[in-house]
Amino acid sequence: MAGNLNLQSMKIFLAVFEQRSVSAAATALNMSQSGLSTALARLRKDLGDALFVSTASGMQPTTRAKELAAPMREAVQCIEQRIMNKAGFDPATDEREFRVSASDTAEAMYMPRALNVLTRLAPRVRLRPVAMAQPQLQRALSEGQVDLALGYFPDLMSAEFVRRRIGQHGFVCICSASNRDLIRDFSLKKYAEARHVVVEAPTRTHGLLETYVAKRGIHRHAALTTPHFMSLPEIISSTDLIATVPDAIADAFADNRRLARLPLPFRSPVFDAHLHWSKSVNNDPAHRWLRGTMFEAFVGRAA
């Protein structure tokens, strides 16, 4: 690297990398946009690479920029925490934004708990949910675009990630509360004969259920396929259709008296929910506080 590379230029690089926008990066660093653009131009010259290319979806990093992201982040953390002895994270006053990728079940069950504890302990801290599928999530965690992954992500098994189990879940059926014929003596035969709403959300729980029922020869007649869980209450309560959903999703619909919840007429598959994060942020004070606080809110003890 060129000799002109310093802490501020590395922070500018990381801000553009994470925000994918020069104006957003300038705001995050409390700089003028013109000042950041000038500094970025100098950084490009020092490193001999364009680093970021302007596209319709924002400032996309070059291959070289992607290679530099992790060592830049580690260098900044080392300088600020070990060399400059920068003050630790203060949840009462910090205005940090954390990006969290949550699965369907996790967002329904765990996000309200996280928001409640943050409102009480860190009122200025913000959570930004980020929806993405594999392998984008793995790269986003590695590159710092996502701080935590919350839920069922069996693909995040690389040694570069840490995970802590926060719960175990299964599946249940939901149907219209007025569908008395189905509810009475609900059986595997009735399950197979029913018309189903199948949610093909971009999550691993959908694939888990599909594989499980296929291996056991359990047939489902899909009358409707949708990518959205939140449309289920209205669809199910107004028709004779049923849906098989993670128990946490059914919990989220518990106040809807037009819906009935039924145990599956066969043994439910189960899956574990975890907190996942990159080892590169393992010792970051803010990150350590966030995951410890969330873990305690979820399971009643610190991570």
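**Briefing: a five-stranded sheet and two loop residues**

Helix H6 (residues 111-121) lies across strand S3 (97-102) and strand S4, running at about 160 degrees to S4. The structure is a predicted model. Both S3 and S4 belong to an open sheet of five strands. Two loop residues, Asn30 and Asp185, are also covered below for their backbone angles.

**The sheet**

- The five strands are ordered S4-S3-S5-S12-S6, and their pairing is mixed.
- Strand S4 (126-129) and strand S6 (161-169) form the edges, each pairing on one side only.
- From one strand to the next, the twist averages 25 degrees.
- Strands of a sheet pair through backbone hydrogen bonds, in either a parallel or an antiparallel manner.
- Edge strand S6 runs antiparallel to strand S12 (residues 271-278), and eight bridges join the two.
- Within this pairing, Gln168 stands opposite Asp272 in S12.

**Loop residues with positive phi**

- Asn30 is not a glycine, yet its phi is positive, at about 60 degrees.
- The loop that holds Asn30 lies between helix H2 (22-28) and helix H3 (33-47).
- Asn30 has a relative accessible area of 73% and is therefore exposed, the cut-off being over 50%.
- Asp185, likewise not a glycine, has a positive phi of about 55 degrees.
- Asp185 is located in the loop between helix H8 (180-183) and helix H9 (188-193).
- Because its relative accessibility is 66%, Asp185 also counts as exposed.

Definitions and conventions:
Residues are numbered from 1 along each chain as its sequence is written. This is a predicted model: local features need pLDDT of at least 70, side-chain atom pairs count only at pLDDT 80 or more; totals for chains, interfaces and linings use all residues. Side-chain values use heavy atoms; hydrogens and water are left out. Helices (H or I, at least four residues) and strands (E, at least two) are DSSP runs, numbered from the N terminus. Buried means under 20% relative accessible area, exposed over 50%, partly exposed in between (1.4 Å probe, protein chains only). Two strands pair if DSSP finds at least two bridges between them. Axes are lines fitted to C-alpha atoms, for helices over the stretch in contact, and angles run from 0 to 180 degrees between N-to-C directions. Contact means heavy atoms within 4.5 Å.
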